[in-house]
Amino acid sequence: MSEETQSGVRNKFLVVVDETPECKSAIRFASRRAWHVGGGVILLYVIEPPEFQHWMGVEQAMREEAREAAEELLLNLAEEIQKESTIVPEFVIRDGHKKEEVLALIEEDSDIRVLVLAASPDTGGPGPLIKSLVGEMSGTFAIPITVVPGNLTTRQLDAVT
């Protein structure tokens with residue numbers, strides 16, 4: 001047993017969750033890797049502020065609806081993860097901007113060892129979060145970043161985990 005396991009520290013794989021189809025590829029990759037190494041999975045959902053600030057009551061109602069939708073999505077994803085790997089993922093829902101919230105969570109939880117992101121298979125590029133973290137910050141980032149191509153099949157994902 002490794003020193004980390006003996007001391008109770010778990011290797012956690014952090015996945016940023018959204019409604020894109022490629023997100024499921026990142027979740028599958030992270031949960032299978034975590035299962036293989038005896039680690040855990042954290043699913044982070046960030047509720048970004050609306051571009052147009054509505055009246056306070058309307059904005060609050062929108063935030064509550066977004067939080068309920070995030071909770072439902074995370075619960076559904078957790079069921080899928082548990083069926084495949086027996087891992088019970090942790091959930092984190094935050095209000096803010098994705099990049100800042102990812103960085104803050106990594107700083108707060110020293111058990112997070114790998115950030116797993118899914119790249120969009122669209123011709124528009126991998127996505128703004130990947131461009132920012134892998135491009136601008138890659139040399140100074142605190143942990144390894146795994147970018148999973150969003151067009152991989154389940155069989156292809158399983159072959160690399």
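# Close-up views of a predicted model

**View 1. Strand 1 and its partner strand 2.** Lys 12 stands opposite Gly 40 in strand 2. The model shown here is predicted. Strand 1 covers residues 12-17, and strand 2 covers residues 40-47. The two strands run parallel and are joined by six bridges. The chain gets from strand 1 to strand 2 by way of helix 2, residues 23-37. This β-α-β crossover is right-handed.

**View 2. Strand 1 beside strand 4.** Strand 1 also pairs with strand 4, residues 112-119. The pairing is parallel and uses four bridges. Lys 12 appears again in this view, where Ile 112 of strand 4 stands opposite Lys 12.

**View 3. The two faces of strand 1.** Both faces are covered. On one side, Lys 12, Leu 14 and Val 16 are buried. On the other side, Phe 13, Val 15 and Val 17 are buried. Six of the six residues of strand 1 are therefore buried, and the strand is largely enclosed by the rest of the structure.

**View 4. Leu 14 and its surroundings.** Leu 14 belongs to strand 1. Its relative accessible area is 0%, so Leu 14 is buried. Neighbours within four places in sequence are left aside here. Beyond them, Leu 14 is in contact with Ile 42, Leu 44, Val 102, Leu 105, Ile 106, Ile 112, Val 114, Leu 115 and Val 116. Ile 42 and Leu 44 fall within strand 2, residues 40-47. Ile 27 lies 13 residues from Leu 14 in sequence. In space, the C-alpha atoms of Leu 14 and Ile 27 are 9.0 Å apart.

**View 5. Helix 2 from end to end.** Helix 2 has 15 residues. At 1.5 Å a residue, they should span 21 Å. The end C-alpha atoms are 21 Å apart, which agrees. Buried residues in helix 2 are Cys 23, Ser 25, Ala 26, Ile 27, Arg 28, Phe 29, Ala 30, Ser 31 and Ala 34. Gly 38 follows the helix, with a positive phi near 75 degrees.

**View 6. The largest nonpolar core.** This core has 24 residues. Val 15, Val 17, Ile 27, Leu 43, Tyr 45 and Val 116 touch the most other members. Strand 1, helix 2, strand 2, helix 3 (56-85) and strand 4 each give two or more residues to the core. Helix 2 gives the largest share, six residues. Leu 43 is one residue to follow in detail. Not counting residues up to four places away in sequence, Leu 43 touches Val 15, Val 17, Ile 27, Leu 74, Leu 77, Ile 81, Pro 89, Glu 90, Phe 91 and Val 92. A second, separate core has 19 residues, including Val 16, Ile 106, Ile 130 and Leu 133.

**View 7. The two sides of helix 5.** Helix 5 covers residues 128-136. Leu 129, Ile 130, Ser 132 and Leu 133 are buried. They cover an arc of only 165 degrees around the axis, so they lie on the same side of helix 5. An α-helix has 3.6 residues a turn, so residues three or four places apart point the same way. Pro 128, Gly 135 and Glu 136 are exposed on the other side of the helix. The cover over the buried residues of helix 5 includes strand 1, helix 4 (98-108), strand 4 and strand 5 (145-149).

**View 8. Pro 126 in its loop.** The loop of Pro 126 lies between strand 4 and helix 5. With a relative accessible area of 30%, Pro 126 is partly exposed. Neighbours within four places in sequence aside, Pro 126 is in contact with Ala 118, Ala 119, Ser 120 and Lys 131. Val 148 is 22 residues away along the chain, and 9.9 Å separates the C-alpha atoms of Val 148 and Pro 126.

**View 9. Thr 86 in its loop.** Thr 86 sits in the loop between helix 3 and strand 3 (90-95). Its phi is positive, about 70 degrees, although Thr 86 is not a glycine. Most residues other than glycine have a negative phi. Exposed means over 50% relative accessible area. Thr 86 has 63% relative accessibility, so Thr 86 counts as exposed.

**View 10. The protein chain as a whole.** The chain has six helices and five strands. From the N terminus on, the elements run α-β-α-β-α-β-α-β-α-β-α. Of the 161 residues, 40% are buried. Among contacts with a separation of 6 or more, 75% join residues 24 or more positions apart.

Technical notes
Residues are numbered from 1 along each chain as its sequence is written. This is a predicted model: local features need pLDDT of at least 70, side-chain atom pairs count only at pLDDT 80 or more; totals for chains, interfaces and linings use all residues. Side-chain values use heavy atoms; hydrogens and water are left out. Buried means under 20% relative accessible area, exposed over 50%, partly exposed in between (1.4 Å probe, protein chains only). Two strands pair if DSSP finds at least two bridges between them. A crossover is right-handed if, with the strands pointing away from the viewer, the path from the first strand over the helix to the second runs clockwise. The expected span of a helix is 1.5 Å times one less than its number of residues. The arc is that of the directions from the helix axis to the C-beta atoms. Contact means heavy atoms within 4.5 Å. A nonpolar core is a set of buried Ala, Val, Leu, Ile, Met, Phe, Trp, Tyr and Cys residues joined through side-chain atoms within 4.5 Å.
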